[in-house]
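Visitor: Good afternoon. Could you take me through this protein structure step by step?
Guide: Certainly. Please look at the display, and ask as we go.

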Amino acid sequence: MTQNPEIGLFHEAGDIKTNYHDVGEGHPVLLMHGSGAGVTAWANWMGLIPELSQERRVVAPDLAGFGYTEVPDDIEYRFMDTWVEQMMRLLDDLDIEQTDLVGNSFGGTLAIALAVHHPDRVRRMVLMGSGGQPFTVSPELEALWGYTPSFENMRRILDIMAFDRSLVTDDIADIRYRATIRPGVQERFERIFPPPRQRWADATAFSDEQLAGIDHETLILHGREDRVVPVSVSEQLFRKIDRAQLHIFGRCGHWTQIEQKQRFISLVRQFLNEAEDR
């Protein structure tokens, strides 16, 4: 029997049973995925985990409401407290006192929340296509958060993610679609971002004072052609986080880690390794 690579280890804390991957040795880095339908930590980070785990401990969880993490049927999501608490319990039980963070989109917003509310637990932070500043929910993001299961709908939302549409194959769309029709998956997903959806984007915005209080070295990455989270969000974060650097990729959408894979890996490794050299 072939094991599903998306399923790793399980951590139980309260009502949440978190599916997570824990690979490699060295200073830990926590990878946090985005909010797309059918997403898992492995699907999001399969290209990065083998690279980073050569020199550090990589922990990549399925966030509550996504993937193979189990939550109660009646869970009420509290933005962003539910996920901050989930990550802190995981770090505590894994005896991780301080970690680097890599967050994609919604996971980037979560990374900022961890840096704001638990600054001592964070060393460095990488934000990729992150939220965290006010923006208007686009028709494309509305389609992502309003997804209902069908192969055609999955193909349509994956086309939104990439600038280079050739990266979106029927095989990839079929795998992601099938992930959304597992029992209970769609029901959990629909509880996270019920309409009207602008309120959820608003709930993930941090104040200027909160961002000014972040003292961590921060690498911000964004695709210029991103139709999910506008590049202006990263530009605002860059202006307001003191120790920030910003890299914008042309001819790139919301899938920086896929469309600019080698550059992405190189930048992240170099940025994290700088901390080891100090």
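Visitor: How far apart are the end C-alpha atoms of residues 28-259?
Guide: In this predicted model, those two atoms lie 25 Å apart. The span is 41% helix and 16% strand.

Visitor: Which UniProt annotation covers residues 28-259?
Guide: The unreviewed UniProt entry gives "domain: AB hydrolase-1" for these residues.

Visitor: Let us look at the last residue of that span. Where is Glu259?
Guide: Glu259 is in helix H12, which comprises residues 256-259.

Visitor: Is Glu259 buried or exposed?
Guide: Glu259 is buried, because its relative accessible area is 16% and the cut-off for buried is under 20%.

Visitor: What does Glu259 touch, not counting residues up to four places away in sequence?
Guide: Its contacts include Met161, Ala162, Phe163, Asp164 and Leu167, and also Arg251 and His254. With Phe163 there is a polar approach: the side chain of Glu259 reaches the backbone nitrogen of Phe163 at 2.9 Å.

Visitor: On to helix H8. Which of its residues are buried?
Guide: Helix H8 spans residues 185-192, and its buried residues are Val185, Gln186, Arg188, Phe189 and Ile192. Seen down the axis of H8, these buried residues fall within an arc of 160°, so they line one face of the helix.

Visitor: What covers the buried residues of H8?
Guide: The cover includes four other helices: H3 (81-93), H5 (139-145), H7 (170-180) and H9 (198-203).

Visitor: Now the empty spaces. How many cavities of 30 Å³ or more does a search of the whole structure find?
Guide: The search finds two. The largest cavity has a volume of about 70 Å³. H8 appears here again, as the largest share of the lining of this cavity, three residues, comes from that helix. Val185, Arg188 and Phe189 are among the lining residues, along with others including Gly65, Phe66 and Gly67.

Visitor: And how much space lies in the largest pocket?
Guide: About 880 Å³. The largest pocket is lined by 47 residues, and Ala43, Asn44, Arg176, Trp255 and Ile258 lie nearest its centre.

Visitor: Which helix supplies the largest share of the lining of the largest pocket?
Guide: Helix H7 does, with five residues. Other helices that each supply at least two residues include H1 (41-45), H4 (106-117) and H13 (261-277).

Visitor: Let me change topic to a histidine. Where is His222 found?
Guide: His222 is found in strand S7, residues 217-223. At 0% relative accessibility, His222 counts as buried.

Visitor: Which backbone oxygen lies 2.8 Å from a polar atom of the side chain of His222?
Guide: That is the backbone oxygen of Val229. Val229 is also one of the residues that His222 touches, and Ser130, Pro230 and His247 are among the others.

Visitor: Last topic, the backbone. Which peptide bonds are cis?
Guide: One runs from Phe79 to Met80, with omega near -10°. Met80 is in the loop between strand S4 (57-61) and H3. Another runs from Pro195 to Pro196, with omega near -5°, and Pro196 is in the loop between H8 and H9.

Visitor: What is phi of Asp95 near, and of Ser105?
Guide: Phi of Asp95 is near 60°, and that of Ser105 is about 55°. Both values are positive, although neither residue is a glycine. Asp95, in the loop between H3 and strand S5, counts as exposed at 67% relative accessibility. Ser105, in the loop between S5 and H4, counts as buried at 10%.

Note on methods. Residues numbered from 1 in each chain as written. Predicted model: local features only at pLDDT ≥ 70, side-chain atom pairs only at ≥ 80, totals over all residues. Heavy atoms only, no water. UniProt positions renumbered as here; feature names shortened; annotations may be inferred. Buried < 20%, exposed > 50% of the residue type's maximum accessible area, 1.4 Å probe, protein only. Arc of directions from axis to C-beta. Contact = heavy atoms within 4.5 Å. Polar contact = N/O pair within 3.5 Å; in protein donor to acceptor, adjacent residues only side chain to side chain. 1 Å grid on protein atoms, 1.4 Å probe; cavity = no way out; pocket = protein on both sides within 12 Å on 5 of 7 lines; lining within 4 Å. Points joined across faces, edges and corners; volume = space filled by probe spheres on them.
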